[in-house]
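Reader: I should like to examine how the descriptive terms applied to this model are justified. Could each term be set against its criterion?

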Amino acid sequence: MSTRIAFLKGHGTENDFVIVPDPDNAVDLPPAAVAALCDRRAGIGGDGLLHVVRSAAHPEAKDMADRAEWFMDYRNGDGSVAEMCGNGVRVFARYLQHAGLVAEGDLAVATRGGVKRVHLAKNGDVTVGMGRALLPTADVTVSVGGRSWPARNVNMGNPHAVAFVDDLAHAGDLNAPPPVAPASAYPDGVNVEFVVDRGPRHVALRVHERGSGETRSCGTGACAVAVAAARRDGADPTATGTPATYTVDVPGGRLVITELPDGEIEMTGPAVIVATGEIESEWLETVSR
């Protein structure tokens, strides 16, 4: 007799995820299975997968179990493992609340990018402490067709190349990764953001997410863009002691990013659970081969 595995579907500013609750880390999710689940025609469909595991039950998170009960074992849509996903953390926290595992207020979530502070607000927004940005000094260039732009190298626990352009259409088709030079700056691939100004401390972006193609939103990308825009605009909260807040429009909605004087970056935005269901374990075993 076939058994079934519970799943949910959720999104944060239309960056959507398959959610697999698995507190004891008992569900085998090889890359092929994740890619099949994220397939929008033959599977459930999603930009990525949130594997919900107790930190104490996962070998990569055991050392964080004393600080965060839950580990976000995040996978890209192609099945590859990723360090962090900002929109994913918000949806992960919303799932924990939906399941009655946490209440409104503060909690901690373990990720491969470290333990993240999360606040579930009464109005439905979720704020995530995304950590500090690292700004490697190497010069980077992003190209599309016959155009190229200098890009800011920003690391938010995962790598980003942020290019300011005159028109978001200049990004072209972002399902394939835009060429970035030198390749040695990103040996494991890179998320690429194309950014235009909308007003004072207000920008909009399109993004190619490493392992997923163009997505409707990228939380770490929005943070990287806000930091890059602040430095371009001459703002550095760690030097001035004054927070810098940017509104970042993504194709799927709007995020508000604040860089604090201690360097911590906070991201605020919505997170929604839209469906629940069951996966046929026989199908999952077949696509895992």
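Author: The exchange below takes up aromatic pairs, burial, a charge over a ring, cavities and one strand residue. The model is a predicted one.

Reader: How many aromatic pairs does a search of the whole structure find?

Author: The search finds two aromatic pairs. One of them is formed by Phe-17 and Tyr-74, with 6.0 Å centre to centre and 75° between the planes.

Reader: Why is the pair of Phe-17 and Tyr-74 called edge-to-face?

Author: Centres must lie within 6.5 Å for rings to pair, and planes over 60 degrees apart count as edge-to-face. The rings of Phe-17 and Tyr-74 have 6.0 Å between centres and 75° between planes, so both conditions are met.

Reader: Why is this pair said to tie together parts that are apart in sequence?

Author: Phe-17 belongs to strand β2 (residues 15-21) and Tyr-74 to strand β4 (residues 70-76), so the pair joins parts that are 57 residues apart in sequence.

Reader: What makes Phe-17 count as buried, and what is the relative accessible area of Tyr-74?

Author: Buried means under 20% relative accessible area. Phe-17 has 0% relative accessibility and therefore counts as buried; Tyr-74, with a relative accessible area of 2%, is buried.

Reader: Why is the pair of Trp-149 and Phe-194 edge-to-face?

Author: The ring centres of Trp-149 and Phe-194 are 5.7 Å apart and the planes stand at 85°, so this pair is edge-to-face. It links distant parts of the chain, with Trp-149 in strand β9 (residues 147-155) and Phe-194 in strand β12 (residues 191-199), 45 residues apart. Trp-149 is buried, because its relative accessible area is 11%, and Phe-194 is buried with 0%.

Reader: What makes the charged end of Arg-232 sit over the ring of Phe-164?

Author: The distance criterion is that CZ of Arg is within 6 Å of the ring centre. The charged end of Arg-232 is 4.4 Å from the centre of the Phe-164 ring, so the distance criterion is satisfied. The charged end is described as sitting over that ring.

Reader: Which residues of helix α1 are buried, and what do they pack against?

Author: In helix α1 (residues 31-38), the buried residues are Ala-33, Val-34, Ala-36, Leu-37 and Cys-38. They pack against β2, β3 (48-54), β4, β18 (272-280) and α5 (281-287).

Reader: How many cavities of 30 Å³ or more does the search find, and which residues are closest to the centre of the largest cavity?

Author: The search finds two such cavities. The largest cavity holds about 60 Å³ of space. It is lined by 13 residues, and Asn-76, Met-84, Asn-158, Asn-191 and Glu-209 are the closest to its centre. Two or more lining residues come from each of β4 and α3 (219-232). The lining divides into five nonpolar, six polar and two charged residues.

Reader: What lines the second largest cavity?

Author: The lining consists of Ala-226, Val-227, Ala-230, Ala-244, Tyr-246, Ile-257, Thr-258 and Glu-259. The space in this second largest cavity is about 30 Å³. Six of its lining residues are nonpolar, one is polar and one is charged.

Reader: Is Arg-132 buried or exposed, and why?

Author: Exposed means over 50% relative accessible area. Arg-132 has 52% and is therefore exposed. Arg-132 is found in strand β7 (residues 126-132), and its C-alpha atom is separated by 8.5 Å from that of Asp-262, 130 residues apart along the chain.

Methods: Residues numbered from 1 in each chain as written. Predicted model: local features only at pLDDT ≥ 70, side-chain atom pairs only at ≥ 80, totals over all residues. Heavy atoms only, no water. Phe/Tyr/Trp six-rings, centres within 6.5 Å; stacked < 30°, edge-to-face > 60°. Helix = DSSP H or I, 4+ residues; strand = E, 2+ residues; numbered from the N terminus. Buried < 20%, exposed > 50% of the residue type's maximum accessible area, 1.4 Å probe, protein only. Lys NZ or Arg CZ within 6 Å of the ring centre and 35° of its normal. Contact = heavy atoms within 4.5 Å. 1 Å grid on protein atoms, 1.4 Å probe; cavity = no way out; pocket = protein on both sides within 12 Å on 5 of 7 lines; lining within 4 Å. Points joined across faces, edges and corners; volume = space filled by probe spheres on them. Nonpolar A, V, L, I, M, F, W, Y, C, P; charged D, E, K, R; others polar.
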